[in-house]
Amino acid sequence: MKASEFRSKDVAGLEKEVADLLKAHFGLRMQKATQQLSNHSQLGKTRRDIARAKTVLAQKKKEAAK
């Protein structure tokens, strides 16, 4: 997902998206541990999406505080 897609969401939507991404990342880690993960690049993509979402969320919270 692109940062512009995250910026179009509100704070509650971003928090839900971060929670969903964290659950997905946990599932991928468990698949990797049990050697069921076929596409290992998904781990990195999910981790980067989490970072993007958290960054946009922090920016929106900072804007709201001003």
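Select R52 first: with a relative accessible area of 34%, this residue is partly exposed. In this predicted model, R52 forms a salt bridge with D49, and the closest N and O atoms of the pair are 2.9 Å apart. Both residues belong to helix α3, where three residues, about one turn of the helix, separate them.

Keep D49 selected. Is D49 buried or exposed? Its relative accessible area is 13%, so D49 counts as buried, whereas its partner R52 is partly exposed at 34%. Now add L22 to the selection and draw a distance between C-alpha atoms: L22 and D49 are separated by 9.7 Å, although their positions lie 27 residues apart along the chain. L22 is located in helix α2, which covers residues 11-33. The relative accessibility of L22 is 41%, and the residue is therefore partly exposed.

**The pair of helices**

Show α2 and α3 as ribbons, with their axes if the viewer can draw them. The two axes come within 9 Å of each other and cross at roughly 160 degrees. An angle over 145 degrees counts as roughly antiparallel, which means that α2 is roughly antiparallel to α3. The crossing of α2 past α3 is left-handed. On the side of α2, the residues that make the contact are V11, L14, E15, V18, L21, L22, H25, L28, R29 and K32. On the side of α3, the contributors include Q42, L43, T46, R47, D49, I50 and A53. Further contributors from α3 include K54, V56, L57, K60 and K61.

Select T46 next, within helix α3 (residues 41-65). Which residues does T46 touch, not counting those up to four places away in sequence? They are L21, H25 and L28, each of which is also among the contact residues of α2. The relative accessibility of T46 is 10%, under the 20% cut-off, so T46 counts as buried.

For another view of α3, turn to A51, which lies in this helix. A51 has a relative accessibility of 41% and therefore counts as partly exposed. A distance drawn from A51 to F26, C-alpha to C-alpha, reads 15 Å, with the two residues 25 apart in sequence.

**Salt bridges**

How many salt bridges does the structure hold? There are four, and the D49 and R52 pair is a salt bridge already visited. Side chains of opposite charge can pair when their charged atoms come close.

Select E15 and K61, whose side chains meet in a salt bridge with an N to O distance of 3.4 Å. This pair links distant parts of the chain, for E15 is in helix α2 and K61 in helix α3, 46 residues apart. E15 has a relative accessible area of 38% and is thus partly exposed. K61, at 43% relative accessibility, also counts as partly exposed. Both residues appear in the contact between α2 and α3.

Move along α2 to D20 and K16. The side chains of these residues meet in a salt bridge at 3.0 Å, N to O. D20 and K16 both lie in helix α2, four residues apart, or about one turn of the helix. K16 is exposed, with a relative accessible area of 53%, while D20 is partly exposed at 35%.

**Towards the chain start and the loop**

Select E17, which is also found in helix α2. Where does E17 make contacts, leaving aside its neighbours within four places in sequence? Its contacts are with M1, F6 and K9. At 17% relative accessibility, E17 counts as buried. F6 falls within helix α1, residues 3-7.

Next, follow the chain to the loop between α2 and α3 and select Q35. The backbone deserves inspection at this residue: Q35 has a positive phi of about 60 degrees although it is not a glycine. With a relative accessibility of 74%, Q35 counts as exposed.

**Confidence colouring**

Finally, colour the model by pLDDT. The mean over the protein chain is 94, and 100% of the residues reach 70 or more. Which element has the lowest mean pLDDT, and which the highest? Helix α1 has the lowest, at 91, and α2 the highest, at 96.

Terms used: Residues numbered from 1 in each chain as written. Predicted model: local features only at pLDDT ≥ 70, side-chain atom pairs only at ≥ 80, totals over all residues. Heavy atoms only, no water. Helix = DSSP H or I, 4+ residues; strand = E, 2+ residues; numbered from the N terminus. Buried < 20%, exposed > 50% of the residue type's maximum accessible area, 1.4 Å probe, protein only. Contact = heavy atoms within 4.5 Å. pLDDT = per-residue confidence, 0-100. Axes fitted to C-alpha atoms, helices over the stretch in contact; angles between N-to-C directions. Parallel < 35°, antiparallel > 145°, perpendicular 65-115°, else oblique. Left-handed = near helix turned anticlockwise from the far one by under 90°.
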